[in-house]
Amino acid sequence: MIDFRYHLVSLIAVFLAIALGLVIGATQLSGPLLDNLQGQVSSLQEDKRELEDTTQQLQTQVDTDQAFESAVAPALVRDALAGRSVLLVVASEDVTTDTVEEVTALVTEAGGTITGQLSIAPEYSDPASESGLQSYVTGPGRPAGVTLPETDDTGQLVGALLAQVLMVPAGAPAPDTAAVSTVLAGLSALDVLSVDSTAVTPADFAVVLTDGAPEGEDAADRTGVLLDLVTALDAAGSGAVVAGDAASAAETGLVGAVRADPGTATAISTVDNVTSPSGQISTVLALGSEREGTSGAYGTGEDTQPVPPVPPTTP
């Protein structure tokens, strides 16, 4: 009969065999295995260096291209907006000061005049602001002569009010500057927008700068409210351009929302690379095309043109 000592000896033998196998295996395999691992590490390090070199070369090329675009930009846009006025609307808190300043400078290089700058606050498209906005827009504080659309949609009502006091209708007198001050003061008091310039006067065109795309369950609704404003500005004046980054061309981004609707896309120009010199050139040239009644989608996104047509130079 097998007793406990037999089991104990068997177990000890098994563990000794395992330990001996590990020692032999480690001794025999450590050399080739280590060499193989070292070879893989060396290969990966070499690949990494090659990728770093390629990245550096591409960045240098991008920097060179952008420097060239910045240098030729004034010549490309010269007189594209001669005698025209432009309202600058910043529709996202993520739009950088550099982008605003660079677009402003290029509009001036093109012969245009910036009549003012507004920033749209997140509260403008916040559903919680609808009640206060609608009360103001439909209340006695509205300037005389403003005709609102027959709707209870707050976005359309506010967009129509702003557009009628901020844009100069083609072939018609400019709105009263007192009406501009009244409306901007009323909406500023509701914390839905701010005036970023010393004064704002009516303009022929509007450039709406945006960045990124809203997220969350109400993202599409928020973008829809901004789209109502852009549509109203375009209809009330001689044209509008919505310019943003690549992310703004996404489904819930403002550029993407304009492009998604065929009717809106044929009326309003869009640019999806305004943070680059080429995108800023496209923004200004698109304004010039809007003057001729032509709209387009420009930038690096799908189904876009790199830049609008460059107007011929006058001999």
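## Exercises on a predicted model

Asp272 and Arg259 make a salt bridge, with 3.0 Å between the closest N and O atoms. Keep that pair in mind as you work through the exercises; the model is a predicted one.

### Exercise 1: Place a salt bridge

**Task.** Find which parts of the chain the pair Asp272 and Arg259 ties together, and decide whether Asp272 is buried or exposed.

**Solution.**
Step 1. Locate both residues. Asp272 sits in the loop between strand S6 (269-271) and helix H9 (277-291), while Arg259 belongs to helix H7 (residues 254-260), so the salt bridge ties together parts that are 13 residues apart in sequence.
Step 2. Check the accessible area of each partner. Asp272 has a relative accessible area of 2%, so Asp272 is buried. Arg259, at 22%, is partly exposed.

### Exercise 2: Survey the other charged pairs

**Task.** State how many salt bridges the structure holds, then describe the ones made by Asp126 and Arg291.

**Solution.**
Step 1. Recall the principle: side chains of opposite charge can pair when their charged atoms come close.
Step 2. Take the count, which is four salt bridges.
Step 3. Look at Asp126. Its partner is Arg222, and the closest N and O atoms are 3.8 Å apart. Asp126 lies in the loop between strand S2 (113-120) and helix H3 (130-138), and Arg222 lies in helix H6 (residues 219-236), so this salt bridge links parts that are 96 residues apart in sequence. Asp126 is partly exposed, its relative accessible area being 25%.
Step 4. Widen the view: Asp126, Asp218 and Arg222 are joined in a network of salt bridges.
Step 5. Turn to Arg291, which forms a salt bridge with Glu292, with the closest N and O atoms 3.6 Å apart. Arg291 counts as partly exposed at 30% relative accessibility, and Glu292 is exposed at 59%.

### Exercise 3: Put the sheet in order

**Task.** Work out the order of the strands in the sheet and which strands stand at its edges.

**Solution.**
Step 1. Begin with the inventory: the chain has nine helices and seven strands.
Step 2. Read across the sheet. The seven strands form an open sheet in the order S3-S2-S1-S4-S5-S6-S7, with mixed pairing. Strand S3 (193-195) and strand S7 (297-298) are at the edges, each with a single partner strand, so one side of each has no neighbour in the sheet.
Step 3. Add a helix. Helix H5 (residues 177-189) packs on the sheet and touches S2 and S3, its direction making about 130° with that of S3.

### Exercise 4: Follow S4 and S5

**Task.** Explain how S4 is joined to S1 and S5, and how the residues of S4 and S5 are covered.

**Solution.**
Step 1. Count the bridges. Strand S1 (residues 85-90) runs parallel to S4 and is joined to S4 by five bridges. Five bridges also join S4 to strand S5 (residues 239-243), again in parallel.
Step 2. Pick out partners. Val89 pairs with Val208 in S4, and Val208 stands opposite Val242 in S5. In S5, Ala206 has Ala240 as its bridge partner, and Leu209 has Ala243.
Step 3. Sort the side chains, remembering that in a regular strand they alternate between the two faces of the sheet. From S4, Phe205, Val207 and Leu209 point one way and Ala206 and Val208 the other way, and all are buried. In S5, Gly239, Val241 and Ala243 lie on one side and Ala240 and Val242 on the other, all of them buried. Five of the five residues of S5 are buried, so S5 is largely enclosed by the rest of the structure.
Step 4. Include the connection: S4, H6 and S5 make a right-handed β-α-β unit.
Step 5. Continue to S6. Three bridges join S5 to S6 in parallel, and Ala243 stands opposite Val271 in S6.

### Exercise 5: Explore the cores

**Task.** Identify which residues touch the most other members of the largest nonpolar core.

**Solution.**
Step 1. Of the 46 residues in this core, Tyr124, Leu162, Leu166 and Leu187 touch the most other members.
Step 2. Follow Leu187. Beyond its neighbours within four places in sequence, Leu187 contacts Leu133, Tyr136, Val158, Leu162, Val192 and Leu193.
Step 3. Look for another core. Apart from the largest one lies a core of 25 residues, including Val241, Ala243, Val271 and Val284.
Step 4. Finish with the whole chain: 39% of its 315 residues count as buried.

Methods. Residues numbered from 1 in each chain as written. Predicted model: local features only at pLDDT ≥ 70, side-chain atom pairs only at ≥ 80, totals over all residues. Heavy atoms only, no water. Salt bridge = Lys/Arg side-chain N within 4 Å of Asp/Glu carboxyl O. Helix = DSSP H or I, 4+ residues; strand = E, 2+ residues; numbered from the N terminus. Buried < 20%, exposed > 50% of the residue type's maximum accessible area, 1.4 Å probe, protein only. Pairing = 2+ DSSP bridges. Right-handed = clockwise from strand over helix to strand, strands pointing away. Contact = heavy atoms within 4.5 Å. Axes fitted to C-alpha atoms, helices over the stretch in contact; angles between N-to-C directions. Core = buried A, V, L, I, M, F, W, Y, C linked by side-chain atoms within 4.5 Å.
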